[in-house]
Amino acid sequence: MTIYKISDTARFDLTVVVLALLTAFGPLSIDMYLPAFGDIAQSFSTESNRVELSLTSFFLGLFIGQLLYGTASDRFGRKPPLYFGLVLYIITSIACAFAPNLESLIVLRFLQAIGSCAGLVIARAMVRDLYTPQASAQVFSFLILVMGIAPILAPLAGAYVTAAFGWQAIFVIVAALAVACLAIVHVRLPETRLPNTAVRIRSSLPIYWSVLKDPSFLRYSLSGGIAQSGLFAYITASPLVFIEHFGLSPTHYSWLFGANAVGIIGMAQFNAWILRRRDSRKILNKSLPILGIISLMLITAGWNDFGLVGVLVPLFLYVSTLGMVFPNAMAGALAEQQERAGSASAVTGSLQFLIAGIISALVSVLGHYHPLAMLFVMGSCGLTAVIIYRLLRREEPMAADF
């Protein structure tokens with residue numbers, strides 16, 4: 001049972017702001033150290049592409065960790081598992097700063113991800129606790145606003161922090177931010193679900209399997225997750241593409257990364273505005289085909305190597321369009337889950353980051369054979385998302401499929 005009455009209106013109060021901050025730790029942990037890949041490689045006397053494995057292990061941790069928190073948040077309430085995750089994140093972030101070698105950093109990044117994904121899972125579940133599907137799509141758009149600020153500020157901050165204090169300082173800073181967030185959660189974030197002894201932790205797998213068998217959940221979760229995995233292909237490979245292939249400086253790369261983040265933020269806020277007038281599923285039915293067209297543009301740009309500008313235009317369009325695709329896909333995935341909201345949030349998050357981990361590893365391997373492999377992978381993700389959404393469609397009220 002929930003403590004608060006479900007609202008059909010998105011009210012952007014302090015609770016929503018805190019939830020948005022919780023979702024920012026994952027993107028912050030990913031984006032802030034991207035400009036430091038070269039320094040990390042030099043510090044451990046290795047190649048930059050091997051440092052990418054620390055990003056892949058982070059994605060793997062996000063996949064596994066979210067499954068740990070889903071049923072736990074339904075069983076014990078939302079806040080106790082959140083406390084555990086934040087404390088784990090703080091400890092492992094500090095340990096990353098003192099990692100003696102790359103292998104240790106890779107393992108610690110995996111554990112850091114398990115801590116960070118508590119905020120991702122539980123924030124989404126709290127949104128489902130508090131809002132109807134239509135209103136929750138608006139709230140998810142706001143969460144993307146805050147999550148989008150991280151890609152704007154984090155690479156820039158990471159570049160300057162690395163230059164001034166070394167890459168290790170990045171992990172000390174995110175640990176300090178997590179300490180502050182832990183204090184705010186304890187003082188100001190309300191509990192939105194009472195403990196439910198009827199939920200058994202040992203029943204996690206059957207619960208997750210029942211969620212996965214839901215056709216509506218699978219359709220929205222898979223299509224949204226695969227579309228979003230194109231973003232993670234970009235995150236993984238963009239330092240090598242723009243710094244090494246196109247010759248940008250780490251600072252200029254950070255500004256470019258931030259410009260793409262402005263696109264997704266702007267589109268997410270446009271999505272929140274249009275949700276006041278249109279059903280979220282109708283918006284998704286229109287935005288996914290647009291993403292498919294942009295995906296074809298990316299593949300064409302990679303095949304013909306149109307140069308820096310020719311790559312930046314379809315890349316910006318792809319990332320921006322995710323601001324309309326992802327919030328509505330997430331709202332659709334959780335819409336019918338109700339008492340299983342925590343478990344469903346975990347499953348959809350794990351699916352997304354399992355796919356992201358596979359795509360991250362794939363783009364790293366393909367990058368050895370083609371400097372613009374990132375574009376082919378991103379385009380393939382967008383097209384696959386459109387195909388899956390179309391193949392798994394079913395009759396739904398209030399929304400006509402494309």
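**Notes on the α1–α3 packing and two buried residues of α5**

1. Helices α1 and α3 run roughly antiparallel to each other, because their angle of about 165° lies over the 145 degrees that marks this class. Please keep in mind that this is a predicted model. Helix α1 covers residues 14–31 and helix α3 residues 48–76, and their axes are 10 Å apart.

2. The crossing of these two helices, α1 and α3, is left-handed. On the α1 side the contact is made by Gly-26, Ser-29 and Ile-30, and on the α3 side by Leu-55, Phe-58 and Phe-59. By character, the residues of this contact comprise 4 nonpolar and 2 polar ones, with no charged residue.

3. Now to helix α5, residues 102–130, where you will find Ser-116. Ser-116 has a relative accessible area of 3%, so it counts as buried. Its side chain reaches the backbone oxygen of Ala-113 at 3.0 Å. Neighbours within four places in sequence aside, Ser-116 is in contact with Phe-25, Gly-26, Phe-58, Leu-62 and Tyr-89. Gly-26 and Phe-58 will be familiar from the α1–α3 contact.

4. Gln-112 is another residue to look at in α5. With a relative accessible area of 0%, Gln-112 is buried. Again leaving aside neighbours within four places in sequence, the contacts of Gln-112 include Ser-29 and Phe-58, which belong to the α1–α3 contact as well. Gln-112 is also in contact with Tyr-89, Thr-92, Ser-93, Cys-96, Phe-171 and Val-174.

Note on methods
Residues numbered from 1 in each chain as written. Predicted model: local features only at pLDDT ≥ 70, side-chain atom pairs only at ≥ 80, totals over all residues. Heavy atoms only, no water. Axes fitted to C-alpha atoms, helices over the stretch in contact; angles between N-to-C directions. Helix = DSSP H or I, 4+ residues; strand = E, 2+ residues; numbered from the N terminus. Parallel < 35°, antiparallel > 145°, perpendicular 65-115°, else oblique. Left-handed = near helix turned anticlockwise from the far one by under 90°. Contact = heavy atoms within 4.5 Å. Nonpolar A, V, L, I, M, F, W, Y, C, P; charged D, E, K, R; others polar. Buried < 20%, exposed > 50% of the residue type's maximum accessible area, 1.4 Å probe, protein only. Polar contact = N/O pair within 3.5 Å; in protein donor to acceptor, adjacent residues only side chain to side chain.
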